Every structure is written in structure tokens, then in C-alpha cells.
Amino acid sequence: TMEFRVCVLLGALLLVNCSLQQTPSRKKLVKKDTTKDAAMEGLQKQINDIVQELNLLKEQQALQTVCLKGIKTHGKCFLAEPVKKRYHTASEDCNALGGVLGTPTSSDENDQLRDYIRQRLGPNEQIWLGVNDMVTEGTWMDQTGVSIGYKNWDTSNSRSPQPDGGQSQNCVVLSVASRGKWFDENCREEKPSVCQFNIV
């Protein structure tokens with residue numbers, strides 16, 4: 001197992017350290033030190049590689065656990081957060097789990113997210129999406145600061161097509177009641193959210 005390999009390598013590292021410390025003369029010490037350094041570096045590299053591999057496995061295991069509770073779609077996993085929060089709080093809490101707020105990039109993905117929210121949170125719920133125009137009014141970006149290609153604004157009301165909130169509404173919600181359409185909203189409102197994780 002991974003733990004066994006780490007133990008064996010640590011044991012070897014200690015043995016090399018102890019055996020090479022027993023040097024009778026100054027002349028031999030220089031030579032043995034060089035050998036010792038090379039051996040130590042080699043073992044240290046192997047340990048670093050194993051630690052990195054172990055961390056990756058932990059990350060994948062955590063992701064699988066998350067995805068078992070949520071839904072998988074298009075190389076992503078969505079997990080609902082029913083607690084109502086302001087946009088920034090929802091975003092920070094999601095980031096702390098290793099994800100970002102859900103950001104559909106196609107109508108199919110948007111429909112799947114809408115259906116998941118209807119089933120998980122109810123038919124009248126709105127959730128925060130990872131989309132905002134805080135930097136430049138009218139330029140809607142995802143949480144990495146990239147302009148979004150897919151949009152699903154509600155334009156059914158010809159008097160007030162979305163987005164209609166100007167500088168007072170810089171964050172985006174997906175509305176289940178409006179068949180998954182998007183609305184701009186004040187970021188200080190408290191809404192449920194969905195955290196999105198990329199599946200490697």
C-alpha cells in the first residue's frame with residue numbers, strides 16, 4: 001500500500017543516515033558525505049513523489065464522495081447547498097470545498113442543473129450562479145474572470161427583459177419556476193447555491 005511504501009522509504013532514509021554517520025577519518029568523511037547526500041536526495045525525491053500521489057488520491061476520493069451526493073454531467077459534478085447565503089459568502093464557502101459556484105456552459109447543462117435543483121430544493125427556488133458583472137457593467141464573467149459564452153436570460157417580459165438591474169444587480173440567479181431562465185439580482189440577497197467541481 002501507499003503507507004507501506006512511505007514507511008519503507010523513511011526506514012531506508014534513517015538507515016543511510018545512521019550508517020554514513022559512522023566515519024573514522026576526516027578524509028573518508030568528505031567522500032561518504034557526498035554518497036550520503038546523493039542517497040538522501042534520491043530517497044527524498046521518492047518520498048515527495050509518493051506524498052504528491054497520496055494527495056492526488058485524497059483529492060479524487062473527496063471528489064467521488066461529493067459526486068455521490070450530487071449529480072455528474074459533462075465532466076462536472078454539481079452539489080446543492082440549501083442554506084441561503086449572500087453571493088460572496090456562497091462563493092467563498094464553495095471555494096473552500098475546492099469548487100466554484102455552478103456555471104452552466106450549454107442549454108443541456110442548464111436544463112440538468114434546473115432539474116436537479118427542482119428535485120433537491122423545490123420547484124420555486126432560485127440559486128446563485130457563478131456569473132457576475134462586478135468588474136465592468138454589462139460584461140458578464142465567470143468566477144475565473146473570463147467572459148461567458150452561454151447565457152440564458154429571461155427575455156419573456158418585453159418591458160423589462162433580463163438583465164435589467166443595472167449597477168444595483170451584479171449577480172445572477174437561475175430560476176426553477178421560470179424554466180431555468182437567468183435573472184440579475186442584488187448580490188446581498190440570500191439564496192441557495194450549487195457548488196461545481198471538475199471531474200478529472
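Q: Why is the disulfide of Cys 94 and Cys 195 right-handed?
A: Look at the twist about the S-S bond of this pair, in what is a predicted model. A disulfide here is a pair of cysteine sulfur atoms within 2.5 Å, and Cys 94 and Cys 195 sit at S to S 1.9 Å. The disulfide is right-handed because the torsion about that S-S bond is about 90 degrees.

Q: How many residues apart are Cys 94 and Cys 195?
A: Helices (H or I, at least four residues) and strands (E, at least two) are DSSP runs, numbered from the N terminus. Cys 94 lies in helix H3 (residues 87-96), while Cys 195 is in strand S7 (residues 191-198). So this pair links distant parts of the chain, and the count is 101 residues.

Q: Is Cys 195 buried or exposed?
A: Buried means under 20% relative accessible area, exposed over 50%, and partly exposed in between (1.4 Å probe, protein chains only). Cys 195 has a relative accessible area of 6%. Its partner Cys 94 comes in at 3% and is buried. With its 6%, Cys 195 is buried.

Q: Which cysteine forms a disulfide with Cys 171?
A: Cys 171 starts off in strand S5 (residues 171-175), and its partner sits in the loop between strand S6 (181-185) and S7. Their sulfur atoms are 2.1 Å apart, and the link is right-handed, with 100 degrees about the S-S bond. The partner is Cys 187.

Q: What is the pairing of the bonded cysteines in sequence order?
A: The structure holds two disulfides. One joins Cys 94 to Cys 195, and the other is formed by Cys 171 and Cys 187. Numbered along the chain, the pairing is 1-4, 2-3.

Key: Residues numbered from 1 in each chain as written. Predicted model: local features only at pLDDT ≥ 70, side-chain atom pairs only at ≥ 80, totals over all residues. Heavy atoms only, no water.
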